[in-house]
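Biologist: I've got this one open on my screen and would like a close look at a single part of it. Could you walk me through that part and then show me how the rest fits around it?

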Amino acid sequence: MKVKCQLLDENDNIILNKNINKTSLLKETTNVIDNLKPYPNKNFLDNFNEIVNVLIPYNNCKDYVIQYSNFSKSSFNNGINVYNLFNKSFFKLCPLMRELGFKEIFDEVYKTGKSRNIKLLYYGDNSLLYESNQKIFKHENNIVIIFYVESKFKLIDENEIELLYNAPDPLMIIQNQKIVEANSAIEKITGYTPNEIIGKDYYFNNPQFKRNPTPPEIYKIYTKIIKKEMFNYTDILTLKHKNGQTVYVKATMQLSRFNGEPAALFYAFDITEGVNHQIRAEKLDNALNMVSGVSKIAYIYWDCQNGFEWSDEFYNIIEEKKEDCDLKDDVIQHYIIKEEFNRVNTLLFNELKKTQTGLIRTKIETQKGIKDIELYIDCRTNKDGKLVQGVGYLQDISEKVWEQKELRNLNNEKEILLKEVHHRVKNNLQIISSLLNLNMHYKPDKPKEILESTKNRINSMATVHKKIYQSNDNVHINLKEYIEEEVENISKRNKKPNINLDFNLDDVKVGIDKAIPLSLIISGIINNSFAYAFPSNEKGNIKISLEKTSKGLIKLLIADNGIGLPTNVNIENPKDVGIILIKSLTEQIEGSIELLPLPGTAYEINFTD
């Protein structure tokens, strides 16, 4: 229970307004003054109906010691013996009174001799529970406090309970944790008749308060009420009906008496229908918030009296806290980028003026950058044509705009690639045509050999295109991967297991314009090595190395340890169609070729990427 105290002066002016968390008034403490004698006029004060405390200033008024108290007369006394208060520090016994400022009031009265009339109001959960009117004055160097407590809480006894048995609302009496009485209306919320529930434990149908959602917590509340530590308690209570359904009631538990002993009176109002509506509304609201979060749509409501109301997703979109925004202001206007501001306002004004609706796309600037949004407004006007109410939505469409942009870029790339494919096919057909013409010129009487060599070169070109289409950018190939695959394919076609392949290749990437000529150079040299370097099928070795220097020069070495080229071969002025082709393709990639003076045949080709 939330507890608040107010102090009022003689003119009912509030001099203190304080929330407290104290649940008990008194605390145990020790005696202060040795051999303190009782107040001499004790017998006289015992005849007072009001509560009286006589305090002795102690240690230069740093404290006040109780010499007399008849607090045991209070209806809120819970078995406190008057002798337990004698010779105790007033503020150690009751620290709440110091917290409420009574120390300063006592000091003022003692110093000036002027009496004070103070009113203390005690609230529980914003309901006034009791008020205490206190007369504080100085008498014979003592501070005397006379106070009267008026409870706003009515104790219901068994005589009055008889009047409630015919009440239309459910009521029952709990004593010693057992239901000892109930009226017929209790069947409305429990499904049980009074005879069925009398004698049962009060928690038999699993009651749970909303703010204290376990039976042990209810027991604490029940115990505090019986001990007068709490005057009443009201909350939403859930019960299990006899038919198994959950019932919601607004229930109050307060102190009563039954057969002369303390008991708790329980009465309730059935609010099941309203709570179920609220639960359904909360589920719909949660579902709407989930949809809003997924779709990044914020909903807007506006009227001319209350200003704007935005759904929670709006604050996620603008990346601000709700409490930092002026909800009566058109918040979104502060985030529209400067370049769009005039256009958006003009367009919305014109649209709303013509059709009372407006749909616009624009950009806003948040802490994390620019966002694309879609804003829709539907307004209502009064009879004078003035806008008075509006609803709409605001959606973060940044991802959608980005996807559309990416799709356009992808389509553009596809168009470019399609043109590139046509270009590559045309070039490859021209290369194949040139190869056939070249071979026919030098070997007009060897059509089978011409077709076989052309087929091998087409396979090499096909491998290049496969690598191109497997690459990330469809433009470059990894030359190392190509060489390994192409040479292995040539080896399999030639079926010469005695020839060993030795690779020493760096990762080098080249574009399509150099990949096709290089593929023809490599396949031409490797095919020649397999075909002519080892005529007697003896063991041999073909070495291929690829190195990229720090200056960007790429060195390709292809060497075998076979019988070597004929002595009349001149790389600068070749007569053989294969070497003519290799030299021509090297020039096409703006490279250089050299025959190295090594055993067998060794080509070194240098080029840049």
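Biologist: Take helix α15: how many of its residues are buried, and is the helix mostly covered or mostly open?

Modeller: Mostly covered: 18 of the 22 residues in α15 are buried. Keep in mind that this is a predicted model. The helix runs over residues 512–533, and its length checks out. At 1.5 Å a residue, 22 residues should span 32 Å, and the C-alpha atoms at the two ends are 30 Å apart, so the two values agree.

Part of the company α15 keeps is helix α14, residues 479–494. The two axes come within 10 Å and cross at roughly 35 degrees, and the crossing of α14 past α15 is right-handed. If you want to click through the contact, the α14 side includes Leu 479, Tyr 482, Ile 483, Glu 486, Val 487 and Ile 490. On the α15 side, look for Leu 518, Ser 519, Ile 522, Ser 523, Ile 526, Asn 527 and Phe 530. Ser 491, Arg 493 and Asn 494 of α14 also take part in this meeting of the helices.

Now zoom out. The protein has 609 residues, 42% of them buried, and its secondary structure comes to 16 helices and 25 strands. Of the contacts with a separation of 6 or more, 54% link residues 24 or more positions apart. The accessible surface is about 34700 Å², and carbon and sulfur atoms account for 50% of that.

Among the strands, try the open sheet of five, ordered β15-β14-β18-β17-β16 with antiparallel pairing. Its edges are β15 (307–310) and β16 (357–366); each has a single partner strand, so one side of each has no neighbour in the sheet. From one strand to the next, the twist averages 25 degrees. The partner of β16 is β17, residues 369–381, and the two pair in the antiparallel sense over 10 bridges. One place to see this is Thr 366, which stands opposite Gly 369 in β17. A helix also packs on this sheet: α11, residues 338–355, touches β16 and β17, and its direction makes about 160 degrees with that of β16.

Another antiparallel pair is β11 (residues 232–240) with β12 (residues 246–258), joined by nine bridges. Asp 235, for instance, has Ala 251 in β12 as its bridge partner. Five residues lie between the strands of this hairpin, and Gly 244 takes a positive phi near 95 degrees there.

Lys 240 is also in β11, and it counts as partly exposed because its relative accessibility is 39%. Beyond four places in sequence, Lys 240 touches Thr 190, Asn 205, Gln 245 and Thr 246. The C-alpha atoms of Lys 240 and Ile 189 are 8.7 Å apart, with their positions 51 residues apart along the chain.

For a contrast, go to Gln 6 in strand β1, residues 3–8. Buried means under 20% relative accessible area, so Gln 6, at 11%, counts as buried. Leaving out neighbours within four places, Gln 6 is in contact with Ile 14, Leu 16, Asn 17, Lys 119, Leu 120, Leu 121 and Tyr 123.

Terms used. Residues numbered from 1 in each chain as written. Predicted model: local features only at pLDDT ≥ 70, side-chain atom pairs only at ≥ 80, totals over all residues. Heavy atoms only, no water. Helix = DSSP H or I, 4+ residues; strand = E, 2+ residues; numbered from the N terminus. Buried < 20%, exposed > 50% of the residue type's maximum accessible area, 1.4 Å probe, protein only. Contact = heavy atoms within 4.5 Å. Areas by Shrake-Rupley, 256 points an atom, 1.4 Å probe, with all protein chains shown as cover. Pairing = 2+ DSSP bridges. Expected span 1.5 Å × (residues − 1). Axes fitted to C-alpha atoms, helices over the stretch in contact; angles between N-to-C directions. Left-handed = near helix turned anticlockwise from the far one by under 90°.
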